[in-house]
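Let's take a walk through this model together, one chain at a time. Have the viewer open and follow along as we go.

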Amino acid sequence: MSIYSRRLWLVVVAATLVAVPAATAHAQVWRTVTASRQRASADSLRLRVYFGAGTFNLAAATIEPLLYNVDMRYDAGRVRPMHRYDAATGTLTIRSDSAIGHPFSLDLKRGGLNFNGPGDDRNGTDLTVGLARGIPLDLSLSLGACDATLDLANLSVRRLHLESGASQTTVTFGTPNPVTMSSLDLDIGAAGLTVNSLGNAHASTVNVSAGVGGAELDLAGTWTGTMNLVVRAALGGITLHIPQDVGVEARVARTLGSLDAPDLTKRDGTYYSSNWSSATRKVVIDATATLAGLEITRD
Amino acid sequence: MPTRRPVYTRAALLATALAVAASVNGAAAQAKHSRARAVSVSDSIAAAVDSLGRDPNGVVIERSAVQQGPQTVAAGATVNGSIASWHGPLDVRGTVTGNAVALGGDVVVHTGGTVRGDAVALGGHVQLDGGTVQGEMRSLSALTVGPLARTIPRTPAQATKRSLSLSVGWYLVLAVIGLFAALFARGNLETIAERIRDDFSRSFLYGVVGQIALLPALVVGIVALCITVIGILLIPFAIVGFVLGGAGALALGFLAMSYVTGEAAMRWRGAVSAYAPPPVVQFLFIGLSLYFVLWMIGGLLSWAGWLGAVLRLIAAMVTWVAVTVGFGATLTSRGGTRAPGGRVPPPQVPPPASDASWQTPTPVSGVAAARRPTPPPRSIQH
C-alpha cells in the first residue's frame, strides 16, 4: 500500500470517528399536554384513537367525576398529536400518527446505528387515556406500531373495535363488564395480542383476526350463555385458553394450517368437548387457519 | 512533473472561506439578537396568542383579552368573553363566559367559579378547586407551532447534527451493502464498473431513461397481471419485487460507480499497481468515502445558511449523476451479467497454484499428485 492510499484511509477513518459522535445526539423537542373534561351531563362517550408509535395506555379515570383525561408526552419534532371532543356526538378523537423524519440516528451508548421508525418506543409518544366509569363506551382504536395496554376493568364498554398494525397489545377485562357488548372486533396485523379474562367482556360474539404476530385469548371470567368466537388466523398462531367447565364446539377450516386440541373429540367434522351437552355455558368456535396454527387448551 | 498548489495554500483558502462564512453568519445572528431584544411585550403577547390559536391543542382568544400579570375574576363578577393572564396565574371565583387562559401561569377555578369555555394553562396547570369548567381543561408545557414555537424549526446545531447523522447512516448502510457486493457479487460489480468506464455518457442516458421509465413499467406490469386475471393475486408480490429490484439496481449501480471513482482517485494518486489484481474493496470504500465526504462537508456547514445549502445541492447533484450512471450501466449490463460488447464475462478463474504447491502432501486415496513445475527446455545454442 502506497503512502497516498494510507493517508486516504487515515482521512476516511478520522472523518468517521469525528462524524459519529457529532451525529449521535438527535434533537428531540418534548412536549406534554394534559386534557380533561368534567362529566357534567354526558351519558355516553365514543373514543376514536389513531395512534402511531410509542406507548398507549387506556384505563378507567382515577379522578371522579371526569368524563376523560388525556396525558400525552411527545416529540414535537416528529409528531403533532391532536385531540378533539365533539359535544354534539359525545366523541373524543385523539390522533397521534407517527412521522418518520429521521430514519437514522447513531447512538453509541445504546450500541450503534438505530433505524427509527414505527415501533421505536424510545422516540415515540406516550399516551395515557382515562375514561369515566359507569357510562357506556364505544371504543375504536387504530394502533400502528406501539406497546398498548388496555385495562378495561371498571369500565362499561358497549363496543370495542381494535385494529393493530405491528403493536404488542394487551387487553384485560379485569372486572365483569356492566353492560352487554354488542360488538367486539380484534383485528391484528403483524402484531401480538394478548386478551385476559375475555369472559368478563360479556360479548355474545367475538371476532378475532390475527396475522403474523398471533394471539393468545384467555376466556376466563364470569359469563353465562353461549359465546360465539369467530377466529381468522393467517401465518400466525392463535391460542385459546378455555375454562374446564365451559362446553366447546369448534368448527375449524384449515388451509395448510394445524389444530392442536387434545381435549376435543371430532364428530361429523366438528370438534366437541366431553361436557358439551351438560355445560351451562358454552363457546362455539368458528375458526379458519391459513398457514397458521390453532391451539385450544383447557385451564 | 505537474506543479501542485501547496497544501498550505489550499488550507489557507479553506480557512478563509470558513472564516468569511462564520463572520457573515455571526453578524447576522447578532443583528437578529438585537432585533429580538427590541420586540416589545405587546408583540410577545400577540405572538403567543397567535401561536396558541394555531396549536392543535391550543385555543383561540382575542389579543385584547390578555392582561399582564396575575388576574382574578372576583366572586359574583362576570367576564363576558375570554380572559387571559400574561406571566401570572388566573384565579376564577366568578363567571367567565368564554375561555380562561394563563400564558405562563396556572388557572385556578375556585368554589363558585365557572368557566363556560375552556380553561387552558400554557406553561402551568389547570387546577379545579371546587369550581366548574364546562369546556375542557388543558395544560400545555409549551407551544408547538407558530412564532413562539422557536424550537420546532431546527436550530443550526440541530440541523447540522441531523445532516451528519443522515450522512453517516447512509454511508454505513452502503458500506455494509458494498462489502457484501464485493464479497458475493464481485463479478457483477466489476462488469458494471467496466461498462461505466467504457461508455459513461451512454450509461448516464440509459440511467435517466430508466429512472423515468420505472413508474410506467410498474403500471404496465400491474395492468398486464390484471389482464391475465389469475395474475391479480400476484400483484402485491410483483410490486414488492419490483421495488426491491429497482432499489437493488440503484444501489448496485451506485456501488459500481463508487468503485470506479475510488479507482480513478487511486490512479490519480499513482497508487495503483498495473500488475497486482485490483483491490475491489479498497476502491469501493474510497469511492464511497469521497461521496460521503461531499455530504459531510455539506452537513458540517448546515449552520452556514446558503453556503451549506449550496454545498448540499452540489453533493446531491453529484450523487444523482453517480446513481444515474451506475443505474444505466446496471441496466445495459443486465445487472452485471453482460460485459461491454454483449459478451458474457468469463467465469472467474482461480488463481494459479504457487510454485511450492506440488510439495503439498497428497491424500492417501484417489487424488492425482500435483506435477512439479518444470522449467522450459533450454534452447540449444551452437
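Strands here are DSSP runs of E with at least two residues, helices are runs of H or I with at least four, and both are numbered from the N terminus. With that in hand, we can place A:Asp268: it sits in the loop of chain A between strand S20 (265-267) and strand S21 (270-272). Keep in mind throughout that this is a predicted model.

Why does A:Asp268 count as exposed? Because there are just 5 other C-beta atoms within 10 Å of A:Asp268, and 12 or fewer is the cut-off for being exposed. Its backbone is worth a look too: phi of A:Asp268 is near 55 degrees, a positive value in a residue that isn't glycine. Most residues other than glycine have a negative phi.

Now step back to chain A as a whole. It has one helix and 23 strands, and 39% of its 299 residues count as buried. Take the contacts in chain A with a separation of 6 or more: 62% of them join residues 24 or more positions apart.

One example of sequence-distant residues coming together involves A:Ala76, in the loop between strand S3 (66-75) and strand S4 (82-86) of chain A. A:Ala76 and A:Val29 are 47 residues apart in sequence, yet their C-alpha atoms are 5.3 Å apart in space. Is A:Ala76 buried, exposed or partly exposed? It counts as partly exposed, because it has 19 C-beta neighbours inside 10 Å, and 20 would be needed for buried.

How far can you trust chain A? Its mean pLDDT is 82, and 82% of its residues reach 70 or more. There are weak spots, though. Over residues 7-12 of chain A, pLDDT stays under 50, and the model gives that stretch two contacts beyond four places in sequence. Residues 99-122 of chain A also have a pLDDT below 50, but this stretch has 48 contacts in the model beyond near neighbours in sequence. Where pLDDT is low, the predicted coordinates should not be read in detail.

On to chain B, which has eight helices and 13 strands. Of its 382 residues, 32% count as buried. For chain B, residues 24 or more positions apart make up 46% of the contacts with a separation of 6 or more.

A good place to start in chain B is strand S7 (residues 100-103). B:Ala100 and B:Ala102 point one way from this strand, B:Val101 and B:Leu103 point the other way, and all of them are buried. S7 of chain B pairs in the parallel sense with strand S4 (residues 83-86) of chain B over four bridges, and B:Val101 is the bridge partner of B:Ala84 there. S7 of chain B also pairs with strand S10 (residues 119-122) of chain B, again parallel and over four bridges. In that pairing, B:Val101 is matched with B:Val120.

What does B:Val107 touch, leaving out residues up to four places away in sequence? Its contacts are B:Leu90, B:Ala100, B:Ala102, B:Ala119, B:Ala121 and B:Val126. This brings us to the largest nonpolar core, which has 105 residues; A:Ala250, A:Leu294, B:Ala100, B:Val107 and B:Ala119 touch the most other members. The largest share of this core, eight residues, comes from strand S9 (residues 136-151) of chain A. Apart from it lies another core, of 38 residues, including B:Leu164, B:Ala193, B:Leu301 and B:Leu311. In soluble globular proteins, nonpolar side chains tend to be buried together.

Next, follow helix H5 (residues 200-227) of chain B. Its 28 residues reach 39 Å from first C-alpha to last, close to the 40 Å expected at 1.5 Å a residue. Where does H5 of chain B bend? The bend is at B:Leu214, by about 40 degrees, and a proline, B:Pro216, follows within four residues. Buried residues of H5 in chain B include B:Ser203, B:Tyr206, B:Gly207 and B:Gly210. Among the elements covering the buried residues of this helix are helix H4 (186-198) and helix H8 (306-332) of chain B. After H5 of chain B comes B:Val229, with a positive phi near 60 degrees.

We finish in the segment after H8 of chain B, where B:Arg334 lies. Phi of B:Arg334 is near 50 degrees, another positive value in a residue other than glycine. B:Arg334 is exposed because 11 other C-beta atoms lie within 10 Å.

Terms used:
Residues numbered from 1 in each chain as written. Chains lettered and ligands numbered in written order. Predicted model: local features only at pLDDT ≥ 70, side-chain atom pairs only at ≥ 80, totals over all residues. Pairing = 2+ DSSP bridges. Expected span 1.5 Å × (residues − 1). Bend = angle between axes of the 7 residues up to and from the residue. Contact = placed C-beta atoms within 7 Å. Core = buried A, V, L, I, M, F, W, Y, C linked by C-beta atoms within 7 Å. pLDDT = per-residue confidence, 0-100.
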